[in-house]
Amino acid sequence: MSQKLENILNLALETPEAVRLQTNNLNVGFDSGSRSWELIVKYHGSLDGLASLGVSVEYLINSYAILTVPEQLVETVSNIEEIEYVEKPKRYYYQDIGPAADSCMTQVTLRDPFLSGAGVLVAVLDSGIDYTRPEFQDSAGNTRILYLWDQTMRPEEGNAKRQSPAGYVQGVEFSAEQINQALGAEGPQERYMLLPSVDVSGHGTAVAGIAAGCYPAYDRGVAGGGGGIPGSQYRGTAPAASLLVVKLGLPGEEGFPRTTEIMRGVTYALQKSRELEMPLVINLSFGNTYGSHDGGSLLERFLDNAAEIGRTVICVGSGNEGNSAGHVAGSLFEDGRGEGAGSGNVSGTAGTSGAAGIARTPRAAEIQLAVAEYERSLSIQLWKNYSDTYRIYLRSPGGQEAPLPESVQGGKYTLQLEQTQILVYLGKPLPYAVAQEIYLEMIAPGNIGSTAPGTVPGATGAAAGGPGGQQGVRQYINSGVWTIRIEPVQVVTGQYYLYLPSYTARSSRSGFYRPTPQVTLTIPSTAAKVITVGAYDSTYDSYADFSGRGYVDAARTIGVISAGLVKPDLAAPGVGILAPDLYGGYSSFTGTSFATPIVSGSAALLMEWGIVRGNDVFLYGEKVKAYLRKGARALRGESEYPNARVGYGAICVENSLPM
């Protein structure tokens, strides 16, 4: 195990590709054609010398880079002194299930000071955009999209109009001039030939419409900057803002964007903001559940660094995991255990902990996990304080039980319960991660053999194989109730935190029986210096239960959560939000994906008032967050602020302007 590699990357490198392909996570970042890994690194000095090894380097911001490394050279490259830490990409999921006047916008957009977002660049990193929609054109019919970078397209050698952005080798960049040429085409076929970028899902089009759409086109000639638009049929939050669109993804690959595409998109947006000399708002409407949720991953640190570059604000949705039953947390101490902790007889010698000489006796916890039928794989993350020593058992639905050893050379081993194979990785604290991770990946053996090398024997309980025996190895993991038992051995904090994959990556019937709704916000909304956006239902003026919850001065003993950190920062309407769809009309959208662009557009309004109009040229970064927090209003059912559900309250732009 390399101490420079994150735990899940160590596990992936030690797992055969045939096994990795059975999982949702382990093979992300690996290209089977070139037999190479795409890796994210934090480094110092220069990495130019890696070219001699056949390693390509993409420099990002602030000593972050993306490397493409032949599989056999990963360990060699990671051992180079300039490399400080290495992570593999993760897959991120869009957070989806006309912005309302509930956000106090019309008071500053339809009357003095008539804010519109003019002069501000709003970057939408998402599934692309339907650039033909009139909502993204000005009153002359010209596009308001200054640049469109479609990462899923392949550049064409010799074609100057089909090239990647300068400094990148992925995707194709289209300028406003090229978009206008396509808009002027005689028909759809000619338009597609000129600019074939398409938003297949409609997610990005809806997000862009909520942030900055307007139809009929915004009239900049109206007195006071164009606040009143007689007869307007649709109006986004910042209807005169300029758009920068990045369609995230890889050529020929279905599914969701990865960490590396996001980091490239953020770097690209920062570069364009500097070139155009425009203040920048970046909208990120997606998330992932992998990680300790403490701000410590390279993506979270990268976004913190990005938020400090230029005149920038980054808005991220808190995710839709609040009611997905994908998280459970607790403490082995009886007076502090969470909803997921159970009770039982203590096995082994347990330490005690307490304040002012008051002894507390830890007790075992049993966490029950429902696994639905037809699940091909399911991962479980268990995060704990390294000072705590636990004895952990895993029990299958049929009653087979096996202990997880406290340590194994190399950290990785495999066990099998019934017809489910479990890859286990026992992590240790790393230079960039103080928490200890125990990672379990449950897969069906299928055609990869009933038991892989390194299997730990000694499972007890029901007969091995379960229904059907070894003669009919099925392609799904065992459904039913799985139990994770945590027993104290030597306990200091007694805390534990378990996470499942995002609800979009597992069956809706798979989840913990007694889930913990707190700290269900998704990564990267856990980054300290982004504006984290939760959702509320404007019909009832109350918290939307799907919205990812966070923490307020959390009493967590793992990670790098700073004292006083509040997540989410505030909430915006996220239920039944009207937005442009793929069919030329409008549909209602629900999720934090669609609450986030309301805040992104609001940030653009503040930056127009402050930076573009000269009222406060320093109105960006944490200052915008502070003003939006201060202006937030109360919601029904919330008695204390800030809190883990809606942060400082519901966004109210009128109250956020320091006028």
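**Exercise 1. Place His293 in the chain and describe its backbone and its surroundings.**

Solution. His293 sits in the loop that runs between strand 14 (286-287) and helix 10. Helices (H or I, at least four residues) and strands (E, at least two) are DSSP runs, numbered from the N terminus. The model is predicted: local features need pLDDT of at least 70, side-chain atom pairs count only at pLDDT 80 or more, and totals for chains, interfaces and linings use all residues. Residues are numbered from 1 along each chain as its sequence is written, and side-chain values use heavy atoms, with hydrogens and water left out.

Next, the backbone: phi of His293 is near 60 degrees, which is a positive value in a residue other than glycine. Last, the surroundings: His293 counts as buried because its relative accessibility is 1%. Here buried means under 20% relative accessible area, exposed over 50%, and partly exposed in between (1.4 Å probe, protein chains only).

**Exercise 2. Find out whether Tyr374 is buried or exposed, and give its phi.**

Solution. Tyr374 belongs to the loop between strand 17 (365-371) and strand 18 (377-384). Its phi is near 70 degrees, a positive value in a residue other than glycine. With a relative accessible area of 57%, Tyr374 is exposed.

**Exercise 3. Describe how helix 10 is enclosed and how helix 9 packs against it.**

Solution. Start with burial. Eight of the nine residues of helix 10 are buried, so this helix is largely enclosed by the rest of the structure. The buried residues are Leu298, Leu299, Glu300, Phe302, Leu303, Asp304, Asn305 and Ala306. Their cover includes strand 2 (36-43), strand 4 (64-70), strand 5 (83-87), helix 9, strand 13 (280-284) and strand 15 (312-317).

Then take the helix pair. Helix 9 (residues 259-276) and helix 10 (residues 298-306) have axes 11 Å apart and pack at an angle of about 5 degrees. Axes are lines fitted to C-alpha atoms, for helices over the stretch in contact, and angles run from 0 to 180 degrees between N-to-C directions. The two helices are therefore roughly parallel to each other. Angles under 35 degrees count as roughly parallel, over 145 as roughly antiparallel, 65 to 115 as roughly perpendicular and the rest as oblique. On the side of helix 9, the contact is made by Thr259, Ile262, Met263, Val266, Thr267 and Leu270; on the side of helix 10, by Leu299, Phe302, Leu303 and Ala306. Contact means heavy atoms within 4.5 Å.

**Exercise 4. Check the length of helix 11, then describe its setting.**

Solution. Helix 11 (residues 592-612) has 21 residues, which at 1.5 Å a residue should span 30 Å; the end C-alpha atoms are 29 Å apart, which agrees. The expected span is 1.5 Å times one less than the number of residues. Of the 21 residues, 20 are buried, so helix 11 is largely enclosed by the rest of the structure. Gly614 follows helix 11 and has a positive phi, near 80 degrees.

The axes of helix 11 and helix 12 (residues 622-631) cross at roughly 110 degrees and come within 11 Å. That makes the two helices roughly perpendicular. Val599, Ala603, Leu606 and Met607 of helix 11 make the contact with Val624, Tyr627 and Leu628 of helix 12.

**Exercise 5. List the polar contacts of the side chain of His327.**

Solution. His327 lies in strand 16 (residues 327-331) and, at 2% relative accessibility, counts as buried. Its side chain reaches two backbone oxygens: that of Leu498 at 2.8 Å and that of Gln518 at 3.2 Å. A polar contact is a pair of N or O atoms within 3.5 Å; within protein, one must be able to donate a hydrogen and the other to accept it, and residues adjacent in sequence count only if both atoms are side-chain atoms. Beyond its neighbours within four places in sequence, His327 also touches other residues, among them Tyr497, Phe512 and Val519.

**Exercise 6. Locate the cis peptide bonds before Pro113 and Pro642.**

Solution. Asp112 and Pro113 are joined by a cis peptide bond with omega of about 20 degrees. Pro113 is in the loop between helix 4 (106-109) and strand 7. From Tyr641 to Pro642 the bond is also cis, with omega near -5 degrees. Pro642 is in the loop between helix 12 and helix 13 (653-656).
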